[in-house]
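Q: Please take a close look at one part of this model, the part where its domains meet. I would like a single connected account that follows the residues and elements there and ends with the loops further along the chain.

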Amino acid sequence: MKTYLITGGAGNVGGTLALHLAKDKSNIIIIVDNLSTGSLHKVPKLNNVHFIKSDVNLYNDIAPIFARYNFDYVFHYAALVGVKRTLENPMRVLNDIEGIKNSDVIFAVLDNLDSGTLVESGLSMAYDKKIIGYHRTCDENHLLMLKPGNFTTNSNLTTALYQTIWSL
Ligand SMILES: NC(=O)c1ccc[n+]([C@@H]2O[C@H](COP(=O)([O-])OP(=O)(O)OC[C@H]3O[C@@H](n4cnc5c(N)ncnc54)[C@H](O)[C@@H]3O)[C@@H](O)[C@H]2O)c1
């Protein structure tokens with residue numbers, strides 16, 4: 001049995017990841033999201049998935065959750081996402097990317113190479129983090145920027161996820 005924390009699990013990446021991990025009934029998935037832009041509709045309605053409304057950037061919100069659960073793995077996907085939102089709230093974005101500094105491994109969804117992904121991947125390289133990239137549509141040229149980093153890539157979602165988990 002493994003216990004996972006997924007932050008931002010009421011969003012696109014976190015919600016999809018939760019659904020994927022929850023297929024193994026022995027996994028317990030705790031989703032933390034402040035619902036600032038996410039939706040409860042994206043949280044899988046399954047017995048092994050539990051939702052907690054909380055802000056990951058507030059120590060007093062997140063510390064009791066770590067004290068209560070003995071997490072085996074943490075996937076950190078809570079963030080303010082989108083060019084318009086980030087231009088309107090630059091300070092909130094700076095708070096969000098602090099999370100990269102505290103991460104051991106970065107799991108990057110690289111399809112479409114949106115600007116946020118490139119910034120987060122570049123920052124991860126600058127911090128010398130190990131990056132596992134998942135994609136189905138990128139070619140060699142798209143990924144050149146990440147080549148000098150501690151970077152591996154996979155086009156199978158399950159393999160990429162487990163590569164990330166086993167890197168910890
Ligand atoms: N969607 C993609 O293809 C993609 C690709 C690569 C990387 N990413 C990155 O993955 C992360 C998530 O992307 P997404 O597309 O799932 O975004 P999203 O907006 O769908 O989900 C983000 C979630 O985080 C929550 N959230 C925001 N701030 C929070 C806070 N302080 N505390 C708790 N919850 C908070 C929101 O309510 C939302 O549910 C982002 O860092 C994004 O840049 C996304």
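A: Two residues are taken to be in contact if their C-beta atoms, placed from the backbone, lie within 7 Å. With that criterion, and leaving out residues up to four places away in sequence, Tyr77 touches Ile6, Thr7, Gly8, Gly11, Val13 and Gly14. The model is predicted, and every value below is computed from it.

Tyr77 is a suitable starting point. This residue belongs to the loop between S4 and helix H3 (83–88). Its C-beta atom has 26 others within 10 Å; because 20 or more suffice for a residue to count as buried, Tyr77 is buried. Across 29 residues of chain, the C-alpha atom of Tyr77 is 10 Å from that of Ile106.

The domain assignment sets the frame for this region: domain 1 covers 1–78 and domain 2 covers 79–168. Taken over C-alpha atoms, the centres of domain 1 and domain 2 are 19 Å apart. Contact between them involves 10 residues of domain 1 and 11 residues of domain 2. On the domain 1 side, H1 and strand S4 (73–76) are the elements that each contribute two or more residues. S4 has the largest share of that side, with three residues. Sorted by class, the side of domain 1 that touches domain 2 holds five nonpolar and five polar residues, and no charged ones.

Within strand S4 is Phe75. Phe75 is buried, since 25 other C-beta atoms lie within 10 Å of its own. Apart from residues up to four places away in sequence, Phe75 touches Tyr4, Ile6, Gly14, Leu17 and Phe107. Its C-alpha atom lies 9.7 Å from that of Ile31, which is 44 residues away along the chain.

Phe75 also leads into the largest nonpolar core. That core has 26 residues, and those touching the most other members are Tyr4, Ile6, Ala18, Ile29, Ile30, Ile31 and Phe75. Two or more core residues come from each of strand S1 (3–7), H1, strand S2 (28–33), S5 and strand S6 (130–134). S2 makes the greatest contribution to the core, four residues. Because domain 1 (1–78) and domain 2 (79–168) both supply members, the core lies between them. As background, nonpolar side chains tend to be buried together in soluble globular proteins.

Ala18 illustrates the contacts on the domain 1 part of this core. Setting aside neighbours within four places in sequence, Ala18 is in contact with Ile6, Gly9, Ile29, Ile31, Pro44 and Val49.

On the domain 2 part, S5 and S6 are joined by five bridges and run parallel. One pair in this arrangement is Ile106 with its bridge partner Ile131 in S6. Four of the five residues of S6 are buried, so this strand is largely enclosed by the rest of the structure.

The ligand shell brings several of these elements together again. The shell has 26 residues, among which Gly8, Gly11, Val13, Gly38 and Ala78 come nearest to the ligand. Helix H1 (12–22), strand S5 (105–109) and helix H5 (115–126) each provide at least two shell residues. The composition by class is 11 nonpolar, 12 polar and three charged residues. Since domain 1 (1–78) and domain 2 (79–168) both contribute to the shell, the ligand site lies between them. Tyr77 has Gly8, Gly11 and Val13 among its contacts, and these residues are also listed among those that come nearest to the ligand.

Two loop residues on either side of H5 complete the account. Asn112 sits in the loop between S5 and H5, and Asp128 in the loop between H5 and S6. Most residues other than glycine have a negative phi. Asn112, although not a glycine, has a positive phi of about 75 degrees. Asp128 likewise has a positive phi, near 60 degrees. Asn112 is exposed, with 10 other C-beta atoms within 10 Å. Asp128 counts as exposed as well, because it has 8 C-beta neighbours inside 10 Å. In contrast to these two exposed loop residues, Tyr77 is a buried residue in the loop between S4 and H3.

Terms used. Residues numbered from 1 in each chain as written. Predicted model: local features only at pLDDT ≥ 70, side-chain atom pairs only at ≥ 80, totals over all residues. Near = placed C-beta within 6 Å. Nonpolar A, V, L, I, M, F, W, Y, C, P; charged D, E, K, R; others polar. Domains from an automatic or database assignment. Core = buried A, V, L, I, M, F, W, Y, C linked by C-beta atoms within 7 Å. Buried ≥ 20, exposed ≤ 12 C-beta atoms within 10 Å, placed from the backbone. Pairing = 2+ DSSP bridges.
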